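Subject: Structure handover

Hello,

I am passing on the structure we spoke about. Please look through it alongside the notes below.

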Amino acid sequence: MKNIMKSRKTIDSTRRKGRDAQADPDEDYLDQDYDDYDNEEEERIRRIKNKVLVRVSYLMVALFLSMAGYLIYFNVVLRDDINNNQYNTKQSAYQEQIIRGNIYSADGNVLAQTDIAEDGTESRSYPYSNLFAHIVGYATNGKSGIESVHNYDLLSSHASILDQIREEKLDTKVQGDSLVLTLNTQLQQVCYDALGDNKGAIVVLEPSTGKVLAMVSKPDFNPNTIEQDWDALINDDSNSSLFNRALQGQYPPGSTFKILTTLEYIREHPDDYQNFNYTCNGSISKEDVRITCYEGEVHGYENLEQAFVHSCNGAFAQIGMEVNNDSYRKLCESFLFNKDLPIDLPSSQSLFRLSSNASYGEEMMTAIGQGETVVSPFEMALVAATVANGGTMMNPYYIDHIETYDGDIVKQYAPVKYKELMSEEEVDILSGFMKEVVTDGTARKISGEEYTAAGKTGSAEYGSEGGAEGTHSWFVGYLDAENPKLAISVIIEDGGSGSSSAVPAAKMVFDKWWYELQYQQ
């Protein structure tokens, strides 16, 4: 702009000098040139201003749309997280107006309730004590489990307007909404009993819907006495009783992981996987790594199905060196390894660390479910449920519906498909292998009943920084092989082989459901 003004001053000065001097015959042409120059400069300035205004307008529109989008995201996507956040100060106000709602099992039993004394004092009680400790949680000394995640729902009330007006006139609180879970009390009890005094976890899902039917973790605690026991619980590092092993535990999966290793091999050899063969001598060595079968058992000649049924480490170590590591990782990640689980309760990621340039030793260890691979019992239940459900993984959920204190439905939850992960042919192959594990393999203790079952055992060796070593006992599978009703994942810490501890625990659950509970549905 300064340059333009300077140009105009120069032109005006020239014009004045021209008037004082003798008239120039070309003066009219010069004046016309100067006028054209002025018009061009003004037009250029106008275009520059217009561009600036357009850019500012676009920027303001973009900012407005961003703010509008964030407000929608904040109020829709993040609403539940914010409402249930323990730092949300609005919750204190809700507690002054609403009596915390009840939590019920699928079969109508009260799992959590608010008791009111004669003096109006409120206390939270849990009629089943330790049985639902980890999944239902507690609401004293902070909150955990469902009590934490659905705190806002329990402190909301959709009671009728007349009820709310009546309570307000009486200066009393309104009863909060209740949660009705998908968990079955008797199934939860048998899972609890099956674990006994062992550390570990059991998860039971309904394959076709994703409903969580039972979830037990031990050691446990009594939520009724959480305040009195608090100091002892948080300082007990040896038991970690507050820790939900079902969702937060990270264990080597052992031979249960061979389900995914087998699936990867079949995908890489769709036309000739039947031609796989391996002669097991009890161990396999490559470079400086030696893999042995459990207790050094020699399996002899095996095809792929026999290697799976016998849980032969040597055969699967060989497969681990043959499959493509990148493809293998993608397969495992499709089954939620290295990802957050699609459930809003606190959980740990299962990890698959095999890289494209891994050593032979890393490949062999990974293929048999050892090395750096770790998984939660809940995720292995999802893997079993996916096979049982024809290759489709369902989003797991544990609340059937939310209702008012007098039974009116506030919100109904429904099954949601997560993803189709396997083809029908792949399911047929794997389910056939898993049935053979029960009828003629390492899970034979489940066979011989009226029902059929399918599964995979695992013996997961571990070592700690303190030098401790041991073997965790695993079983994952499903009940009623032809028409799957339950999918289960069992881990018993230091339980030895899968067949020695986890399989009998799973059988207790299968027996209870088949011979009693299915007739009560």
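What follows covers one open sheet, the helix lying across it, and the main nonpolar core.

Please keep in mind that this is a predicted model.

The sheet is open and antiparallel, with 5 strands in the order 8-7-19-18-17. Its edges are strand 8 (212-218) and strand 17, each of which pairs on one side only. On average, neighbouring strands are turned by 5° against each other, direction ignored. Within the sheet, strand 7 (residues 200-205) and strand 19 (residues 486-492) are joined by 6 bridges in the antiparallel sense. Val-203 has Ser-489 of strand 19 as its bridge partner.

Helix 18 lies across strand 17 and strand 18, at about 80° to strand 17. The helix spans residues 424-440, and its 17 residues reach 24 Å from first C-alpha to last, close to the 24 Å expected. Its buried residues include Ile-429, Leu-430, Phe-433, Met-434 and Val-437. Besides strand 17 (453-463) and strand 18 (469-479), the buried residues of helix 18 pack against helix 12 (258-268), helix 13 (304-310) and helix 17 (377-388).

The largest nonpolar core has 127 residues, of which Leu-187, Val-204, Phe-378 and Tyr-398 touch the most other members. Helix 17 supplies the largest share of this core, 9 residues. Leaving aside neighbours within four places in sequence, Phe-378 is in contact with Val-203, the residue bridged to Ser-489. Other contacts of Phe-378 include Leu-205, Val-212, Met-215, Leu-341 and Pro-396.

Regards

Technical notes: Residues are numbered from 1 along each chain as its sequence is written. This is a predicted model: local features need pLDDT of at least 70, side-chain atom pairs count only at pLDDT 80 or more; totals for chains, interfaces and linings use all residues. Side-chain values use heavy atoms; hydrogens and water are left out. Helices (H or I, at least four residues) and strands (E, at least two) are DSSP runs, numbered from the N terminus. The expected span of a helix is 1.5 Å times one less than its number of residues. Buried means under 20% relative accessible area, exposed over 50%, partly exposed in between (1.4 Å probe, protein chains only). Contact means heavy atoms within 4.5 Å. A nonpolar core is a set of buried Ala, Val, Leu, Ile, Met, Phe, Trp, Tyr and Cys residues joined through side-chain atoms within 4.5 Å. Two strands pair if DSSP finds at least two bridges between them. Axes are lines fitted to C-alpha atoms, for helices over the stretch in contact, and angles run from 0 to 180 degrees between N-to-C directions.
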